[in-house]
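Me: I am new to this structure and would be grateful for a close look at a single part of it. Please take the empty space enclosed where the chains come together as the subject, and set it in its surroundings.

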Amino acid sequence: MSQTPKKYWNPYLAGVALGLVVLLSYLALGHGIGASGFASRAGAAALHAVAPEHVEQNAYMGKYVANGADVWDDWLVFEVVGVFLGGLLSAFLAGRHKVGMTKAPGFPAWARLTLAFGGGALMGFAARLARGCTSGQALSGGAVLSAGSWIFMFAVFAGGYALALVVRRQWR
Amino acid sequence: MNTFPLFTFDALPHQLEFIPAILIGMAFGFVLERAGFGSAKVLVAQFYLNNMRVFKVMFTGIITAMAGFALFNGLGLLDLSMLSFSETFVWPMIVGGLLLGAGFVVSGYCPGTSVVAAAAGQWDGLLTVLGVIAGSVAFAEVYPAIEGFYLSSNLGTLTLPDVFGIPFPYLAVGIALAATAMFFGAEKVEAIFSRKRGEEPEVSWTRPGLMGLGGVVAVGIVGIVFLLAGSPARPVPPQKPFGSTTAMEVAGQIVSDASALYVVDTRAKPDCEGPDRLPSSLCLEDVAADLGAMFPGKTLVAYGAPEPDEASLAALQAYKGEIRVLTGGLSAWKNEILTDPPADAKMPPEERSQRMALKAFFTGTASSAPAAAPAGGAPKVQRKIKKGGGCS
C-alpha cells in the first residue's frame, strides 16, 4: 500500500527557501550554485577513462585534466552529489520516492526515454554555450543581476514556450 | 568592514571545500524536490501555463537572494564586488538559452532538476542526466569549430545596474515590484488554463505564501534603506597627500628596477613629448583617463617644471597607488643627474662617484630621442573573473 505523498510546498515559500540557499552559497563561498558544470566534468572523466590523450588535447576539456588535475576535484561535483542526496532525502521523507517515469499514459516508454536523453543532450550543449543552466545562470547569476544571466533566462522561457506545442503529445 | 563572503577563493583549505559544497547542494536538492521540481509534470506545466510554479519559485528565489544581498551589503557586511559570476556573452547566451529551454520542455527537466528526479527514482530523470553529460561532451568535441561564436559578444562581467545606470537598490526594488505584479498575473493565467483542462487550479495565494513574500519584502526594504543611508551620492574621496622624492632617489630606482615606477610628466604637450624629459616618462595628458585602472603596486613619480600644477595634482588623485612628487622637477633632474657634480662642491666620495655613474648611465641612454608613445602604460582593468556563477 503506497503512502499518500505529502503536498508540495507553497511555491512562494519554496522560492524563499531557494533564494536563501543561493544567498547562503554566495555568503559562504562567494559564488552561486550550479549543475551543468558537473555534467561537463563527468563526461570528460568518462571519456578520459577510454581515451585520455584525446581529452587532454581537447581545447575545451583539456583544462579539466591539465597538470594532472583530478576531474572530480571541484566544488561543483560535490555540490551536485549533494543535490542528489538532498533530493533523495526529501523524496523519501515525503513519500514521493517511486521508481518509474513521468509521461502521458498512452505515450510509449521508449519514446519518452529517447526524448529525455535527446532533450538532455540539447541542454548539455546549451549550458556549455551559456556558461551555465537554470541553476547556475538564471537563478544564481540572476540574483546578482548579471546581464548575461537575465538574457539567458528570457531566452530559456522563450525556447520552452516555442517547443511546447511540438512535444505536447508526450505530456498529455 | 566586510565579513562576507566567509570563504573567499582559496581561503578555505582545499581539502575542506567539499563540506560546504555538499551541504549547500543538499539544501538545494531538498528544496527543489519540496517545490515539486522532481516531477516533469510540474516542470513542463509552466510551458503549458496550467501551473506556473517554475516562474513563481524562480523569481521569488531571485528577489529573496537580492533582498539578502541588499541587507548584508547595506549593513556593511558584504562587498558586492566580491561575488563572482560569469561574463556576459550576448549571443552564446541567447542561443544557449533558447536551446536549453527547448531541451527543458522536451526532456521535462533542467540539468539540476534532472538530478533530483533521478534521485526520486525517475528513469526519465536519469536519462536526462546522461543526455546532459553526452551533450557536454558533444560540445567539447565540436568546440574548435564553434570557439569563435562561443567567445563572441563578450561584454565582460556586466550587471543590470551597469547596463541601466540604475544603482542596485533601486533596481532591486523595481524588479521585486515587477515580479509581484507578474505573480498576480501568473495566478490568473494558472486559473484559466487549469480550468481549460478541467482541473481545479492550485491556490498559492495562501497565508504561508503571502507571509513568505511579505517577509522577503520586509527584509528587502530594510536592506535597501541601509544601503541608501550608507551611500548617498558618491562621496568624494579625501585628497591623498603626496609624498616627495628626490632626483637621486628616482634615478637610483630607475637603474635598479624601472618597472617599479610610473614616471609621469605633468607638463602639457608638446613639452612632455620632447627630448627634454625623464626616461620612459608618460604624459599626464595621455594617461589621465587610465590612472584609476593602472596597477596600483607601482610608485607614481610625478614631475613638472618645476612642480605639477593644481590641476595636475587633482588629476593624479585617480591613481590608486602611492604618488610622489619629484622635488625640483625637471630642473632638479637635469642638474643632479644629467650634469657632473661641480668639482668644488663638498660631497662624500661615494656620493660623487654615484652621481658620476648616474650621469653616465642616463646621458648615455638619454642622448637618443625617447619613444613618443608610452609603451605598456596602462594595463587592462583586472576585475578578477574568478570562477563563474557555478557551471564552468
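How many nonpolar, polar and charged residues are there in the lining of the second largest cavity?

Reply: The lining of the second largest cavity has nine nonpolar residues, one polar residue and no charged residue. The model in view is a predicted one, and every value below is computed from it.

The second largest cavity holds about 60 Å³ of space. From chain A, its lining takes A:Ala35, A:Phe38, A:Ala39 and A:Val80. From chain B come B:Pro111, B:Ser114, B:Val115, B:Val129, B:Val132 and B:Ile133. Three helices each supply at least two of these lining residues: α2 (36–50) of chain A, and α5 (111–119) and α6 (123–150) of chain B.

This cavity is one of four cavities of 30 Å³ or more that a search of the whole structure finds. The largest of them has a volume of about 140 Å³. Its lining consists of 13 residues, and those nearest the centre are A:Thr134, B:Leu32, B:Phe37, B:Met58 and B:Cys110. Helix α7 (134–143) of chain A, with α1 (18–34) and α3 (53–74) of chain B, are the elements that give two or more residues to this lining. The greatest contribution is that of α7(A), with three residues. By class, the lining of the largest cavity divides into ten nonpolar and three polar residues, with no charged residue. The absence of charged residues thus holds for the largest cavity and for the second largest cavity.

The largest pocket, which is an open space, has another make-up. About 1200 Å³ of space lies in it. The lining of the pocket comprises 45 residues, and nearest its centre lie A:Tyr8, A:Arg96, B:Ser39, B:Lys41 and B:Val42. In this lining, 16 residues are nonpolar, 16 are polar and 13 are charged. Helix α2(B) provides the largest share of the pocket lining, namely five residues.

The same helix leads to a contact between the chains. Helix α2 of chain B (residues 40–48) packs with helix α8 of chain A (residues 147–164) at an angle of about 85°, and their axes are 8 Å apart. Angles of 65 to 115 degrees count as roughly perpendicular, and α8(A) and α2(B) are therefore roughly perpendicular to each other. On the side of α8(A), the residues that meet the partner helix are A:Val156, A:Phe157, A:Gly160, A:Tyr161 and A:Ala164. On the side of α2(B), they are B:Gln46, B:Phe47 and B:Tyr48. This contact has six nonpolar residues, two polar residues and no charged residue.

As for the wider setting, chain A has nine helices and zero strands. Its C-alpha trace spans about 55 × 40 × 35 Å along the principal axes.

Chain B, for its part, holds a disulfide between B:Cys272 and B:Cys283, with an S to S distance of 1.8 Å. The count over all chains comes to one disulfide. B:Cys272 is in the loop between β2 (261–265) and β3 (282–283) of chain B, while B:Cys283 is in strand β3, eleven residues apart from its partner. The torsion about the S-S bond of B:Cys272 and B:Cys283 is about 110°, so the disulfide is right-handed.

Technical notes: Residues numbered from 1 in each chain as written. Chains lettered and ligands numbered in written order. Predicted model: local features only at pLDDT ≥ 70, side-chain atom pairs only at ≥ 80, totals over all residues. Heavy atoms only, no water. Axes fitted to C-alpha atoms, helices over the stretch in contact; angles between N-to-C directions. Helix = DSSP H or I, 4+ residues; strand = E, 2+ residues; numbered from the N terminus. Parallel < 35°, antiparallel > 145°, perpendicular 65-115°, else oblique. Contact = heavy atoms within 4.5 Å. Nonpolar A, V, L, I, M, F, W, Y, C, P; charged D, E, K, R; others polar. 1 Å grid on protein atoms, 1.4 Å probe; cavity = no way out; pocket = protein on both sides within 12 Å on 5 of 7 lines; lining within 4 Å. Points joined across faces, edges and corners; volume = space filled by probe spheres on them. Disulfide = S-S within 2.5 Å.
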